[in-house]
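Work through the following exercises with the sequence and the model open side by side. Each task is followed by a solution in steps.

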Amino acid sequence: MAAIFPRTIDAQLRQAAVGVVVGVGLVVVGWYYYALPSYTRVGYQPEQPVAFSHEQHVGQLGLDCTYCHQHVFDSPHATVPAAQTCMNCHNPKKANVKGASPLLAPVRAGFDTGQPVGWKRVHKLPEYAYFNHAVHVNKGVSCVSCHGQVNEMKVVAHDQPLSMGWCLKCHNDPGKSLRPATEVTNLTWAPDAGQTREEVGKAIQKDLQVNPPMNCQSCHR
Amino acid sequence: MLHEKAHETHETAGANEPLHTRFADPLPRIPLVWGPATFATLDDQIAGVTERPQPGWWWPALLVTSAVLVGGVIAATYLISTGVGVWGSNNPVNWAFDITNFVFWIGIGHAGTLISAILFLFRQKWRTSINRFSEAMTIFAVICAGVYPGIHVGRFWYAWFMFPLPNANHIWPNFRSALLWDLFAVSTYFTISLIFWYVGLIPDLATLRDRAKSRARQRIFGFLALGWRGSTRHWRHYEVAYLMLAGLSTPLVLSVHSVVSFDFATSVIPGWHTTIFPPYFVAGAIFGGFAMVLQCMIPARAVYKLENLVTIKHIDVMCKFILATGTLVGYAYCMELFVAWYSGNPNEWQTFQDRAFGGDYTWAYWTMMTCNLFVPQVFWVRWCRQTPWFVLIVVTFVNVGMWYERFVIIVQSLHHDFLPGSWGRFYPTWVDWLQMVGDFGLFFTLTLVFLRYLPMIAIAEVKGVLGMANPYHTPVPDAEYLKANGRYPTQDHERAAAFGPPSNAPRAVPASPEPVPAFIASPGGTGKPWGVVAEFANPHDLLVAVRRARDAGYQQIDAWTPYPVHGMITAIGRYRSRLPLFTLAGGLTGLAAAATMQFYLSAYYYPIIVGGKEYRSWEAFVPIFFEMTVLFAGFFTLFSLIGLCGLPKLFHPVDNHPTFKRSSLGGFLLTVEATDPKFDPDGTRAFLEELGGKHVAVVEG
């Protein structure tokens, strides 16, 4: 009787088994790299209808965040500015900074018609997650913690994953991320010499009694 | 070596004096296989079922069961696409048919492992005829059960939330929840049952491979059998691996239904919050499981003419199990009722009053009592246990009763809890019914497919319990068969004797289908000999030959047998396998993993208070400690078995020997390898021929 399988089959099987193990391992590793918000969300950088540069307005001109996002300290929403805010400087009939620039046409149109400029939303939380900007910034969480160095961005990009696990990391141990409430919008803030961020943060946590909730219903209401 | 010495002493004592004279039975022992049977007839009878065309009823039956299964798939699809609202489950009865059927099927799944593991540890050899079937049934029943936790959450694609997988949400399961224990218990049970079943199947898959005529069957079963050839070097690991798996499964089978009962017992609902639940559920599971085994086995044994293997005595013993566990369950019913009254707890007592006397579900309660407690009492009578059609009727009652038991516990307790304002009844919808019937369709479809494609009786194990399988077996004279002092001592002896006396071991090696040359070339071989192969007629001849070869100074000897022959491991110069060390390592790994996972996640990573306990309070972690210990130990056992045996080994030089495939059928082969210092192609071949070996040939490596 002849053998059922050729002589080489066992070596081939073992190679195939190694291949399967490596393949599955790569799929798992790939999944954990490519399928999480740290990859799918971070780096999202849509082209906006107006090429507004935060780098120029904040980094060079020194506008404060709250000049445009004016309700961030008293509202759940940071608020995207109306065309009116832009027109404080860019109105051709008033300050007339680049008042005739074709790049600003959508802003002028928005101002004239009352229709909002179609800004593309970069940071978007799911509807089932409740987030309040005011409580965070008032307790010393800087804009930079979630939005990155916006003062250096010519085009705004998604800087942090904004996943639930990412939120919880800070909720579990907020001390490291806090700074004086007055310095929240100072994106280049650094602690005084001889102090670490952690020391400052811990002191603020104690001072402002920051005790972030870890239970489900604090965000999923 | 001391080790070896001890074994030899034991062996020589047995060889000089037949065991049956030293430990004589007071009565002639009824054999496990009735009537004449040899290794070859067993193969024909059992493996033949999967090879011959199926009986005429098989296709219509499969058509019916798969049509019913499709009904279940439709119900599940409708549920998933629409929402769980299509079921009748609603406040206050939020668990109804889904969990009733889940617990029912999990319970059914208990008999298989009980039969294969616990009876194995107790050396109950009659289990060999029914263990394969009931293990398969266990696996199918757990699949049926697993359908419900999968779909009853509605969005089944979030089912992975139940597993502790790292995720972007950084949330983990609550390790202190009985429902999570249940997940671990059921998935461990399924995995270990599958491993146990597969390990048991390996020798039989080799038998199917070696009987196969078509190329496709040879290849499929060749792959599945991993290259098993019945080497004694493999059997020594195999037997120990099987024992380890039996040892792991025994506490596991008891844990699974205990944990299922915790789903109820750890809550505060009157009717659920009871410490009696774990033992009561386990007894009920064994009760229902045996009933389902009989429900399927009685028709199968009649259709496939297996009465000599699954004898009336098997049915008798299983009925005794049903009687014993049914009475235990009945005792638990009465105790529950008594304690509800005796505890003086008004909520508990009103629930039980409603349950047993004049409530909405009293009819279900008394259906359960009748089917589970009263009807099985007929099994006190021998006739009732030994009449298959009657047993079939009784076990049908038991299966119905066990479904009602879960229905009563779940639905009746929920519909009448603390607040009269929230009382309400449960009304099943058509989707509930279709899903439930569809689950039966799934079970019977899988069972029919199993009967068609795999041996429903463990062939190798049954070969091992034949009288002739024992190398020291002394045949009983026909006239005296099963008689003591000239008459049959019991009715059972008479029934067994009616099948005829058992066959005796073959005295001569059957002829080879093709001539056996002195040197068998192997295509693409090395040109050098691998070793010498010789065939012997029966286990006794082989054992004698192996011992002589050892005495003559050969060391690289292997004996290839269809079942593990007693004493062969020491005869070829090997010892008991060290495989248990791997099992132990696996158990410790599992325990360490479970401890690390639960403490780290619950106390440090995401500390959250559950039930007012400390973060690190360990008591609620114990069920998962246990389940993961068993799970890892099972995996280590399987992989160490495969590794120590050097499997898969689909090609072996001996495959080119014309009669070598008999090693998985009814042949007994001896090989001496070329690596042996005393090996000499012609000399060794002549030596083996001198020992009485047939078809002796040198095989190219």
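**Exercise 1. Backbone with positive phi**

Task: Decide whether Gln209(A) is buried or exposed, and do likewise for Leu226(B).

Solution. The model is a predicted one.
Step 1. Gln209(A) has 8 other C-beta atoms within 10 Å, so it is exposed; the cut-off for exposed is 12 or fewer.
Step 2. Gln209(A) sits in the segment after α10 (197-207) of chain A. Its phi is near 55°, a positive value in a residue other than glycine.
Step 3. Leu226(B) has 18 other C-beta atoms within 10 Å and is therefore partly exposed.
Step 4. Leu226(B) belongs to the loop between α9 (215-224) and α10 (232-265) of chain B. Although not a glycine, Leu226(B) has a positive phi of about 60°.

**Exercise 2. Helix α1 of chain A and the chain contact**

Task: Check the length of helix α1 (residues 9-34) of chain A against its number of residues, then find which elements of chain A touch chain B.

Solution.
Step 1. The helix has 26 residues, and at 1.5 Å a residue it should span 38 Å.
Step 2. The end C-alpha atoms of α1 of chain A are 36 Å apart, which agrees with the expected span.
Step 3. The count of buried residues in α1(A) is zero, so the helix is hardly covered by the rule that a buried residue has 20 or more other C-beta atoms within 10 Å.
Step 4. In the contact between the chains, 17 residues of chain A meet 16 residues of chain B. On the side of chain A, the elements that give two or more residues are α1 and α9 (164-172).
Step 5. By class, that side of chain A has 13 nonpolar, two polar and two charged residues.

**Exercise 3. The sheet of chain B**

Task: State the order of the five strands in the open sheet of chain B, and say which strands stand at the edges.

Solution.
Step 1. The order is β1-β5-β2-β4-β3, with mixed pairing.
Step 2. β1 (519-520) and β3 (557-560) of chain B each have a single partner strand, so they stand at the edges and one side of each lacks a neighbour in the sheet.
Step 3. Strands β2 (residues 529-536) and β5 (residues 694-700) of chain B are antiparallel and share five bridges. In this part of the sheet, Glu535(B) is opposite Lys694(B) of β5(B).
Step 4. β2(B) and β4(B) also run antiparallel, joined by six bridges; Phe536(B) has Phe668(B) as its bridge partner in β4(B).
Step 5. β3(B) pairs with β4(B) in the antiparallel sense over four bridges. Within β4(B), Thr671(B) is the partner of Asp558(B), and Leu669(B) is the partner of Trp560(B).
Step 6. For cover, five of the six residues of β4(B) are buried. In β3(B), Ile557(B) and Ala559(B) point one way, Asp558(B) and Trp560(B) point the other way, and all are buried.
Step 7. Helix α20 (residues 539-551) of chain B lies across β2, β3 and β4 (668-673), at about 15° to β4(B).

**Exercise 4. Two helix crossings in chain B**

Task: Describe how α14 and α16 of chain B cross, and how α7 and α11 of chain B cross.

Solution.
Step 1. Two packed helices are described by the angle and the distance between their axes.
Step 2. The axes of α14 (residues 362-374) and α16 (residues 388-415) of chain B come within 8 Å, crossing at roughly 145°. The crossing of α14(B) and α16(B) is left-handed. Their contact divides into 11 nonpolar, four polar and one charged residues.
Step 3. For α7 (residues 131-151) and α11 (residues 277-303) of chain B, the axes come within 10 Å and cross at roughly 115°. The crossing of α7(B) and α11(B) is right-handed.
Step 4. Phe133(B), Ser134(B) and Met137(B) of α7(B) make this contact with Met292(B), Val293(B), Cys296(B) and Met297(B) of α11(B). These residues are six nonpolar, one polar and no charged.

**Exercise 5. A contact between distant residues**

Task: Find which residues Leu69(B) touches, leaving out those up to four places away in sequence.

Solution.
Step 1. Leu69(B) lies in helix α4 (residues 58-82) of chain B. With 21 other C-beta atoms within 10 Å, Leu69(B) is buried.
Step 2. The residues touched are Gly438(B), Gly441(B), Leu442(B) and Thr445(B).
Step 3. Leu69(B) and Leu442(B) are 373 residues apart in sequence, yet 5.1 Å apart from C-alpha to C-alpha.

Conventions
Residues are numbered from 1 along each chain as its sequence is written. Chains are lettered from A and ligands numbered from 1 in the order in which they are written. This is a predicted model: local features need pLDDT of at least 70, side-chain atom pairs count only at pLDDT 80 or more; totals for chains, interfaces and linings use all residues. The expected span of a helix is 1.5 Å times one less than its number of residues. Axes are lines fitted to C-alpha atoms, for helices over the stretch in contact, and angles run from 0 to 180 degrees between N-to-C directions. A crossing is left-handed if the near helix is turned anticlockwise from the far one by less than a right angle, and right-handed if clockwise. Two residues are in contact if their C-beta atoms, placed from the backbone, lie within 7 Å. Ala, Val, Leu, Ile, Met, Phe, Trp, Tyr, Cys and Pro count as nonpolar, Asp, Glu, Lys and Arg as charged, and the others, Gly among them, as polar. Two strands pair if DSSP finds at least two bridges between them.
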